[in-house]
Structure formats: structure tokens, C-alpha cells
Amino acid sequence: MATLTKLDDIVSLCKRRGFIFQSSEIYGGLASCYDYGPLGSELKRNVRNAWWKSTVQMRDDVVGLDCSIFMHPLVWKASGHADKFADIVTVCKKCNVRSRVDHLANAENKKAEGLADKVCPACGAVGQFTEPMPFRLMFETQMGANVDDSMTIFLRPETAQGIFVNFRNVLDTTRIKIPFGIAQIGKSFRNEVTTKRFIFRTREFEQAEIEFFCAPGTDKQWYEHWKETRFNWYLNLGIKKENLRLRPHEKDELAHYAKACVDVEYKFPFDVDDWQELEGIANRTDFDLRQHQRGMRTLNAWYEKKGDLSKIELNSESEDYQKGPLSYFDEEGKQRFIPYVIEPSAGIDRSCLAFLVDAYDEDEVNGEKRSLLRFHPALAPVKAAIFPLVKKDGLPEIARNIYDDLKKYFSCFYDEKSAVGRRYRRQDEAGTPFCITVDGQTKEDQTVTVRERDSMKQERINISQVKQYLREKLDI
Ligand code: GAP
């Protein structure tokens with residue numbers, strides 16, 4: 001029986017069971033920052049691993065990368081982030097709270113131009129806003145120990161640029177040929193104006209991005225390929241079809257670099273605007289590689305004259321940019337070009353939230369409410385819990401032996417405290433797919449019971465078969 005999940009249920013389960021905590025909680029917390037606890041860090045690692053497995057390990061045409069978070073400041077000038085990566089914001093004249101203009105709701109029964117009918121989400125005042133203005137989303141910091149030569153640099157707002165600036169390195173050090181992709185998982189940082197909604201939108205978050213390089217003219221076909229592949233990835237990991245959809249961007253929504261973009265959207269349990277972006281798949285054309293060629297030209301010219309690097313403007317593009325340092329020579333077609341790029345860009349934290357919401361369920365066992373997480377086995381933080389039925393008669397020793405053997409292969413949990421029914425409930429709430437119980441019969445015939453989380457069905461199998469049983473059932 002599916003239940004209507006509330007975000008509050010998920011937040012409280014996450015806290016109660018050690019999935020996710022507020023950052024710096026003992027100091028009153030730091031807004032929009034979260035820490036993943038013992039179960040949450042396993043879940044997050046499993047989400048990362050599932051993404052890496054399907055995009056790098058299982059494919060011959062994608063390789064991995066792990067770039068630094070700090071990058072040369074010109075990277076952000078060339079990418080457009082230094083000048084264009086901003087939200088349009090307004091400040092409420094009554095309470096001084098800054099809001100994103102596109103996040104403001106209309107006042108009931110009022111329709112007016114501009115901001116006159118918009119409501120301040122903090123104090124409820126209507127139409128009391130300053131003129132909209134851009135607000136830069138990149139965090140700045142200083143690199144270098146000396147005041148004189150320290151340099152202003154940025155915390156990356158996306159992992160993608162690390163991939164573009166390594167395009168040549170990867171090409172020169174592998175035998176990979178176009179079409180191919182470079183994949184990366186890592187932290188990104190944005191000084192978001194609006195956070196709230198738990199881990200949905202935070203200022204520090206993790207992205208999983210692929211930049212897939214292809215010949216111009218083949219970009220539409222690869223765009224379709226990635227749309228389908230990424231949509232199916234969520235379905236294959238258990239997201240219900242009715243909670244997932246693809247939404248193409250309107251022209252005026254497109255980022256400055258994109259020719260086309262589609263969002264994989266998930267129906268989050270938010271009170272309003274519940275369909276929200278989980279992942280974006282964009283056709284970035286040859287924009288980024290061309291821009292970085294301009295960046296390289298600009299830096300070469302700067303070495304002659306020097307000056308303040310933070311105020312530098314990009315040089316124009318060279319006329320023969322198609323033959324530039326980031327171009328690609330196609331041996332078969334005997335032509336040189338700047339590759340086009342299709343970019344599937346997912347959020348690891350946002351995916352964790354979607355997987356938690358989608359897996360959450362409540363049912364009734366013997367007249368009592370049971371809350372459980374019906375995680376796909378690949379994502380479950382703990383794959384199997386091992387219990388002795390009672391804490392005597394040599395049962396704990398047998399259970400410990402089984403646990404010691406299984407933990408070499410799977411993430412397992414040993415528990416001998418409290419009644420076995422309560423131990424089952426705790427594992428259901430953690431999303432553990434299997435519980436293995438050692439009881440009196442085990443001593444006689446070397447069998448244990450294996451209880452399955454979703455159906456609660458139990459079967460007896462021999463201890464020697466447990467490892468293989470789990471391997472087959474978990475498909476790992
Ligand atoms: N390189 C393209 C890019 O960064 P994006 O749509 O801005 O595109 C991609 O971000 C994904 O990163 C989003 O779909 C979302 O899953 C995740 N993401 C972006 N901003 C986030 C934030 N403030 N908090 C959590 N996840 C975020």
C-alpha cells in the first residue's frame with residue numbers, strides 16, 4: 001500500500017535513524033548545510049557508485065576524472081560564470097529579506113505588472129520590492145599566504161569546467177576517439193538565494209556530470225541517447241514511473257551556453273511546485289571549448305603586458321578557431337573541428353532525496369504501523385542484518401561467525417539487543433533488504449531464516465548458502 005509521503009516524515013526519519021543531520025548542530029546549525037550520518041553516508045556512496053558503474057564502468061566510451069575544486073580564475077571568465085552566473089533578486093522593503101524574483105508567488109486575487117502583485121515569502125508584504133538586480137552565485141576566496149601576491153579565486157559552481165579544461169589532456173593520454181565522454185563526481189558551491197526544502201537546494205552540494213564530446217551534426221542523436229539513458233537510470237534504481245518525467249526547457253529558460261535542455265523531473269513531496277529538476281541534460285554545442293580557446297589566447301596576450309588578471313576581458317575568437325588547440329582531428333573523415341557537447345548533469349544529494357522519498361512507505365503489521373524504506377538493493381545502506389534469536393545457548397557465537405564472513409562481501413549489521421520483532425522494524429526503517437536469524441534449529445541442522453524486507457516472507461536456508469543467496473538476490 002503506497003502512502004502519501006510528506007517531506008517532514010523524511011526529515012524526521014533521516015534525523016532519527018542517522019541518515020542526515022543539520023551541519024554544526026551542537027552550535028545551533030548552519031543554514032542550508034547538512035551532514036550525512038552512518039546510514040546516509042552509505043546511501044550517498046551507493047548512489048555515487050551506481051552512477052559511476054553505469055556511466056563509466058559499464059561503458060566503453062566514457063572515462064572518469066577527478067579535478068580540483070579551485071581553478072584558474074580565467075576559467076570562470078571564459079565559461080561565462082564570472083559575468084553571467086547570477087540570479088535576479090529583489091529585496092523586501094519591509095523586512096529586508098532577499099528573494100529570487102522567479103521564486104515569488106502572486107498574491108491571491110491580484111494581477112499586476114512586475115512585482116506589484118508578488119508576496120514576500122518572509123513577511124507576507126505585497127508589492128514592497130526594490131528593483132530587480134543580479135546577485136552573483138559564486139563563492140570567492142583568497143589563494144596564497146602573502147597579502148601582496150594572493151589571488152581571488154572561486155569555489156567551482158559546477159564540476160563541468162574541470163572536464164572541459166582537461167579535454168586535451170584526456171585526448172592526449174588515452175586512445176579514446178570521438179564520440180566519447182568524460183565523467184566526474186564532486187562538490188560544487190553556489191551562494192543560493194533561496195535554500196530550504198532540506199537537501200534539495202543547498203549551498204554546498206555534489207554533482208555527477210558527464211561531458212559527452214561528439215562531432216557537430218551528431219549532437220541531436222546523442223542528446224536523445226542521453227535523455228533516454230539517464231531517465232532509465234532512475235527507473236532501474238527503483239524510482240516509480242509516475243513520479244518521474246522529462247520536461248524540455250522553454251527558449252527563455254535556457255542557460256547561456258545551451259542550445260537545448262531537458263530536465264529529468266521528480267515529483268517531490270513539496271506543498272507547492274512539487275515537480276522539480278533532478279537532473280538537466282543540455283546540448284552545450286561547442287560553446288565551452290571555443291570559450292576556453294579564447295581564454296588561452298587571452299592569457300597568452302596577458303603574459304606580454306601583465307596587469308590585473310581579475311579585470312581582464314576575453315580576447316576575440318581567432319578566425320581559424322576550428323583549428324585551435326582544443327580542436328579534434330577526425331582521422332576517418334580527415335577533418336578538424338571543435339566537438340559539440342551533450343551534458344547530463346545530476347545532483348547526488350538531490351538524487352538521495354528522491355531515492356529516500358520514493359522508497360519511503362508505511363504499512364501495518366499485526367495492527368502496528370511499520371515505516372520502511374523500500375530501497376533498491378544496490379542503494380540500501382546495509383544489505384543484510386544478522387541476529388541471534390536470543391542472547392544465549394551459543395546462538396550469538398554462530399551469528400557472529402556468519403556476520404564476520406558476510407561483511408567481507410556486503411555491508412552488514414550485527415544486532416543482538418531487544419526482541420527480534422523490534423530488530424526487524426529497525427532494519428525495515430533503515431531499508432535493509434534481508435535479515436538473517438540464527439535460532440534453536442540452527443544448532444540442529446545448520447539452517448537460518450532469511451526474512452525479506454518488503455514481503456516479510458521468511459525462508460530457511462543452509463548457512464553455507466547464505467553468501468550465494470545474497471549475491472543472487474542483491475545482484476551485486
Ligand atoms: N553543469 C550544468 C549544471 O551545473 P545545473 O542545472 O545548474 O546544471 C545540475 O545543475 C544539477 O546539479 C541539478 O539538476 C541538481 O541536481 C544539482 N544542483 C544544482 N544546484 C544545486 C543546489 N543548490 N543544491 C543541490 N543540488 C543542486
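Strand E11 and strand E12 (residues 204-214) pair in the antiparallel sense over ten bridges. Here helices (H or I, at least four residues) and strands (E, at least two) are DSSP runs numbered from the N terminus, and two strands count as paired if DSSP finds at least two bridges between them. Within this pairing, Lys187 stands opposite Glu206 of E12. The model is a predicted one, in which local features need pLDDT of at least 70 and side-chain atom pairs count only at pLDDT 80 or more, while totals for chains, interfaces and linings use all residues. Residues are numbered from 1 along each chain as its sequence is written, and side-chain values use heavy atoms, with hydrogens and water left out.

E11 also has a partner in strand E3 (residues 62-65): the two run parallel and are joined by four bridges. Val63 has Ile182 of E11 as its bridge partner. Nine of the ten residues of E11 (residues 180-189) are buried, so the strand is largely enclosed by the rest of the structure. Buried means under 20% relative accessible area, exposed means over 50%, and partly exposed lies in between (1.4 Å probe, protein chains only).

A good place to look next is Arg156, in the loop between strand E10 (151-154) and helix H5 (160-164). Arg156 is buried yet has no salt bridge, and the nearest side chain of opposite charge, Asp66, is 5.7 Å away. For this purpose Lys and Arg count as positive and Asp and Glu as negative, whereas His and the chain ends are not counted; a salt bridge is a side-chain nitrogen of Lys or Arg within 4 Å of a carboxyl oxygen of Asp or Glu. The side chain of Arg156 does have a polar atom 3.4 Å from the backbone oxygen of Cys67, and the backbone oxygen of Ser68 likewise lies 3.4 Å from a polar atom of this side chain. A polar contact is a pair of N or O atoms within 3.5 Å; within protein, one must be able to donate a hydrogen and the other to accept it, and residues adjacent in sequence count only if both atoms are side-chain atoms. Leaving aside neighbours within four places in sequence, Arg156 is in contact (heavy atoms within 4.5 Å) with residues including Trp76, Gln184, Gly186 and Lys187.

The ligand is surrounded by 21 residues, and the closest are Glu158, Glu192, Thr202, Glu209 and Glu277. A residue is counted as near a molecule if one of its heavy atoms lies within 4 Å of it. One of the ligand's nitrogen atoms is 2.5 Å from an N or O atom in the side chain of Glu209. Glu343 has a polar side-chain atom 2.9 Å from a nitrogen atom of the ligand, and Arg190 places a polar side-chain atom 2.8 Å from an oxygen atom of the ligand.

Glu277 appears again among the contacts of Val264, which also include Phe231, Leu246 and Ile281. Val264 lies in strand E14 (residues 260-267) and is buried, with a relative accessible area of 0%. Tyr234 is 30 residues away from Val264 along the chain, and their C-alpha atoms are separated by 9.4 Å.

Farther along the chain comes strand E21 (residues 384-388), where five of the five residues are buried. Both faces are covered: Ala384, Ile386 and Pro388 are buried on one side, and Ala385 and Phe387 on the other. E21 pairs in the parallel sense with strand E22 (residues 412-414) over three bridges, and Ile386 stands opposite Tyr414 in E22.

The count of salt bridges comes to 42. One of them joins Glu224 to Lys227, with the closest N and O atoms 3.3 Å apart. Both residues lie in helix H7 (residues 219-236), three residues apart, about one turn of the helix; Glu224 is partly exposed at 41% relative accessibility. Another salt bridge links Glu253 and Arg247 at 2.9 Å between the closest N and O atoms. Glu253 is partly exposed at 33%, and Arg247 is partly exposed at 23%.

Arg290 and Glu317 also form a salt bridge, their closest N and O atoms being 2.7 Å apart. Arg290 lies in helix H8 (residues 287-305) and Glu317 in the loop between H8 and strand E16 (328-330), so the pair ties together parts that are 27 residues apart in sequence. Finally, a network of salt bridges links Asp361, Asp363, Arg370, Arg374, Asp428, Arg451, Arg453 and Asp454.
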